[in-house]
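User: Please examine the model below and justify the terms applied to it.

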Amino acid sequence: AEFATRVRAAVQAAVSYPATARNMGLSGKARLQFHWRDGVASQVQVLQGTGSTALDRAAMDSVTRAAYPPAPDTLKGKDLVYQVTVVFDLASDR
């Protein structure tokens with residue numbers, strides 16, 4: 001559970017708010033699912049979008065760009081599936 005929390009934090013830390021979306025005042029939350037194995041994310045899909053293609057694309061990019069923490073020995077070599085919510089909040093994007 002602790003490692004899953006660190007994976008989610010890594011994804012959120014990698015979020016890059018698209019300038020066009022920020023300028024248009026767009027915000028929202030995207031619910032994503034992806035496979036993770038030994039620090040590499042794959043098969044990223046949007047389960048629930050923000051309503052903005054630009055934000056959804058940026059959310060997916062954050063999953064592939066994230067700097068994931070090293071896996072504990074018990075998880076090495078295992079294909080894990082994670083779900084994360086990526087938040088785009090204009091008030092916190094300063």
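Analyst: The following exchange sets computed values against their definitions.

Analyst: This is a predicted model, in which local features need pLDDT of at least 70, side-chain atom pairs count only at pLDDT 80 or more, and totals for chains, interfaces and linings use all residues. Residues are numbered from 1 along each chain as its sequence is written, and side-chain values use heavy atoms, with hydrogens and water left out.

User: What makes the protein as compact as a globular protein of its length?

Analyst: The elements run α-α-β-β-α-β from the N terminus. The globule rule (2.2 Å times the number of residues to the power 0.38) is set against a radius of gyration taken over C-alpha atoms. The rule gives 12 Å for 94 residues and the radius of gyration is 13 Å, which is close, so the protein is as compact as a globular protein of that length.

User: How do you know that the span of helix α1 agrees with its number of residues?

Analyst: Helices are DSSP runs of H or I with at least four residues, and strands are runs of E with at least two, numbered from the N terminus. The expected span is 1.5 Å times one less than the number of residues. For the 12 residues of α1 (residues 2-13) this should be 16 Å; the end C-alpha atoms are 17 Å apart, which agrees.

User: Why is Arg 6 called partly exposed?

Analyst: Buried means under 20% relative accessible area, exposed over 50%, and partly exposed in between (1.4 Å probe, protein chains only). Arg 6 has 39%, and is therefore partly exposed. Outside its neighbours within four places in sequence, Arg 6 is in contact (heavy atoms within 4.5 Å) with Pro 69 and Pro 70.
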